[in-house]
Amino acid sequence: MTSTPALSTHRPPSPRVAVTILAFVGIVVSLMQTLVVPLIPQLPTMLDTSASDAAWIITATLLAGAVVTPIAGRLGDMFGKRRMLIISLALMVAGSVLCALTSTLEVMLAGRVLQGLAMGAIPLGISILRDELPPARIGAAIATMSATMGVGGAIGLPFSAFIAQVADWHALFWSAAGLGALCLTLVATLLPESAVRTPARFDAVGAAGLAAGLVSLLLPITKGSDWGWTSPLTLGFFAAAAIILVLWGVYQLRVKAPLVDLRVSARPQVLFTNLASMTVGFAMYAMSLTFTQLLMAPAGTGYGLGHSMVMAGLVLTPGGFVMMLLSPVSARLSARYGPKATLILGSLVIALGYVMAFFLISETWQILVASIIVGGGIGLAYAAMPALIMGAVPLTDTGAANGLNALMRSVGSSAAAAVMGVVLASMTMSLGAAQVPTLEGFRVTFAFSIGAALLAALFAALIPRKTRETPAAVGAERESIKA
């Protein structure tokens, strides 16, 4: 498969400008995942619906984001990464405006789906940086971009809680629309289109099959606790997912221009990196879910700290900034020791943070320190993953490969939401008329998170040694594409 030659008028962007714009885009887009978390208790009243139906406001965005990431990456490889980035941001703005103008469940769901469709922006941004920056700047830039997935989620909690507390809840979505419009303007005016393309016919059948398979898999994972894990509906979706994804895989191996090149994805370096991504994604989402509940639990539980949502978000915010601050450190470690070693180190640091949380969660500062340690590990791990992926795939397939890697993180996050939800719902105690999780329930979730982090380290250790992608190698590949 060949790629279109670079246009003579193409001028690469300033590295600082490109990194700043794309990192800002990544933070804004990932913020959509936690945007409505402060509204969860009030959503049934706001939308005049049941609690189970209101939960779809979260689920719809997660599903849309999981489905779109590999598809957006492939479309970016084929038709232009900047073009797909603009489309992603336009969908986010449209979805935000739609949510801001409604108080009905159906319209809100449509808007949240559109917001979720913007999640493809992060792997697209990573691919643009690899295409456009000087080879010597790629490692640190991609590490920073990759870390935005965690940063946006972390700062989203206090941001959303503060706006929801001081203004009408619709202001949340007007704020999201404004941030999205700013991102759209910056990308459209200051970021040139990447010259690296992969001309091919879009695999519409593969995209539809992947979407159907992912929805069938992730839907029962996120809703199984409501439906019942052994209910016919849950089991039926899991069975459908298995059948659809197997048939999809067979089709992808036979089609000339597949949506996802499974032969490349089966390479040990790509396969084990993706498996590590899934388990690190599990550990990241567990922090957001469990630490927030601990900080907000009433003091009457014996372990709760009784903080407001705003205060809980502020306590967890430093962990998000540590992810960003450690991204250049991760890049330097990867340049010296290889991204495999950095991924192992990050996974072990995550495990260390949860070990601290297992034993020390009686004071606010203890949860703060634990979240910073976990956030630091996630920053190291997330920043190393794109380097491993892109060191194993051709330059022309970076969008699709990064999209698949982001998908694996989403699968891990969805699995964490399901597992943690089941544990905390089954290990409860009475507090007045309410049932709240026990301290032992939280410790079980921390044990699961420790296990996930150690499993990520094991997967990383199984990644075969490979000659690191040097600046000269990247430059040579670009020149071969232009030729």
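What follows is a short exchange about a predicted model of one chain.

Biologist: What makes up the chain, in helices and strands?
Modeller: The chain has 19 helices and two strands.

Biologist: Why is the chain called as compact as a globular protein of that length?
Modeller: Set two values side by side. The radius of gyration is 21 Å, and the globule rule gives 23 Å for 483 residues. The two are close, so the chain counts as that compact. Along its principal axes, the C-alpha trace spans about 75 × 45 × 45 Å.

Biologist: How much of the chain is buried?
Modeller: Buried means under 20% relative accessible area. Of the 483 residues, 56% meet that cut-off.

Biologist: What makes H1 mostly covered?
Modeller: Of the 17 residues in H1, 13 are buried. The helix runs over residues 15-31.

Biologist: How do you know that the span of helix H15 agrees with its number of residues?
Modeller: H15 holds 21 residues, 339-359. At 1.5 Å a residue they should span 30 Å. The end C-alpha atoms lie 31 Å apart, so the span agrees.

Biologist: Which residues of H15 are buried, and what covers them?
Modeller: Among the buried ones are Pro339, Leu343, Gly346, Ile350 and Tyr354. Their cover includes helices H13 (268-296), H14 (309-337), H16 (364-390) and H18 (439-461).

Biologist: What share of contacts join residues at least 24 apart?
Modeller: Take the contacts between residues at least 6 apart in sequence; 81% of these join residues at least 24 apart.

Biologist: How far apart are the mean positions of the positive and negative charges?
Modeller: They are 12 Å apart, for 26 positive and 17 negative charges.

Technical notes: Residues are numbered from 1 along each chain as its sequence is written. This is a predicted model: local features need pLDDT of at least 70, side-chain atom pairs count only at pLDDT 80 or more; totals for chains, interfaces and linings use all residues. Side-chain values use heavy atoms; hydrogens and water are left out. Helices (H or I, at least four residues) and strands (E, at least two) are DSSP runs, numbered from the N terminus. The radius of gyration is taken over C-alpha atoms; the globule rule is 2.2 Å times the number of residues to the power 0.38. Buried means under 20% relative accessible area, exposed over 50%, partly exposed in between (1.4 Å probe, protein chains only). Contact means heavy atoms within 4.5 Å. Lys and Arg count as positive and Asp and Glu as negative; His and the chain ends are not counted. The place of a charge is taken as NZ of Lys, CZ of Arg, CG of Asp or CD of Glu. The expected span of a helix is 1.5 Å times one less than its number of residues.
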